[in-house]
Number of protein chains: 2
Amino acid sequence: MNIKYVATRAGLPAKTIRYYEEIGLITPLRQANGYRAFRESDLHKLAFIGRARSLGFTIEDCRALLALYEDRERASADVKALAAAHLARIEAKIAELQAMKRTLSGLVEACAGDGRPDCPILQGLGQGHCC
Amino acid sequence: MNIKYVATRAGLPAKTIRYYEEIGLITPLRQANGYRAFRESDLHKLAFIGRARSLGFTIEDCRALLALYEDRERASADVKALAAAHLARIEAKIAELQAMKRTLSGLVEACAGDGRPDCPILQGLGQGHCC
DNA sequence: TATGGGGCTTCCAGTCACGGGAAGGTCAAC
DNA sequence: GTTGACCTTCCCGTGACTGGAAGCCCCATA
């Protein structure tokens, strides 16, 4: 399997796959002409990583998850701890964004949005009544 | 006013203030010894930028907002458009994170989290029943 | 046999918004 | 005169890629 085929099947850009090799997440074989030769197991790993990434796990999380995935002696508690920590990060980020959203939508609603210069948004930013 | 004083009053690290000068957001004067000499107006701009940043505006947004702030002929519609676009980005990000959160919390809840290797989280990531 | 086009390779540079740290000048207090 | 806090510039690193250049490789068509 060449890189473009694998990229299509895993739903990842070829560039990203080369990057994942560079940082040691996968180690595809090489053909005589220097082209990468992907095995089914490489494709499977890439799809795994892609799904983990789409859930927001960092690359280092993915590395750890892959290691657990391939360890038949793993304890599910380790996996759960990783995922729960990530979940907490996501929830914190959501809370942060929702706070921004509240403030910002208040300002946006207060702004007439016409041709005049008066603007509660700029006033809020300038005078600190916003955060 | 020296940089540390301004940093304290604006609530920004000195490093960040130097960076903002480097990219042209502010242009403090210089003392004879080479130290930066901040005016009240510099401090005011820095506080403005800090508040905009804390609402998630990018640096380029801040540059545009500052320009509008200092333009007495501005139309509040321009400010509102900027802020509304940013608000939409925030809302999109929240939705994305909430989707992650739903999937991930489902997986985490399904995982026993004990010493056994069986793990729905890894299964979900490996078999694509997660996204 | 030439050539054209697509695919593959590596390497370098850029992204965003800083943060860390080195090397060295300056200032006020003791 | 000597600390010690403050200031300066400069350069590198972050995360996870993305874009682009330069150059091989392979196959099909004229």
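## Tour of the DNA strand and the chain interface

Select A:Arg18: one of its polar side-chain atoms lies 3.2 Å from a phosphate oxygen of DNA strand C. This is a predicted model, in which local features need pLDDT of at least 70 and side-chain atom pairs count only at pLDDT 80 or more, while totals for chains, interfaces and linings use all residues. Residues are numbered from 1 along each chain as its sequence is written, chains are lettered from A in the order in which they are written, and side-chain values use heavy atoms, without hydrogens and water.

Next, select B:Tyr20, where a polar side-chain atom is 2.5 Å from a phosphate oxygen of strand C. At B:Ile59, a polar backbone atom lies 3.3 Å from a phosphate oxygen of that strand.

Now show everything near strand C (a heavy atom within 4 Å). There are 19 residues, and the closest include A:Tyr35, B:Lys15 and B:Arg53. Of the strand atoms within 4 Å of the protein, 73% belong to sugar or phosphate. α2(B) gives the largest share of this surface, four residues; helices here are DSSP runs of H or I, at least four residues, numbered from the N terminus.

Move to the interface of chains A and B. Contact (heavy atoms within 4.5 Å) joins 53 residues of chain B to 53 residues of chain A. Select A:Lys101 and B:Glu91: their side chains form a salt bridge at 3.9 Å, N to O, the rule being a Lys or Arg side-chain nitrogen within 4 Å of an Asp or Glu carboxyl oxygen. Finally, colour α5 (76-110) of chain B; with 21 residues, α5(B) gives the most to the side of chain B that touches chain A.

Terms used: Helix = DSSP H or I, 4+ residues; strand = E, 2+ residues; numbered from the N terminus. Polar contact = N/O pair within 3.5 Å; in protein donor to acceptor, adjacent residues only side chain to side chain.
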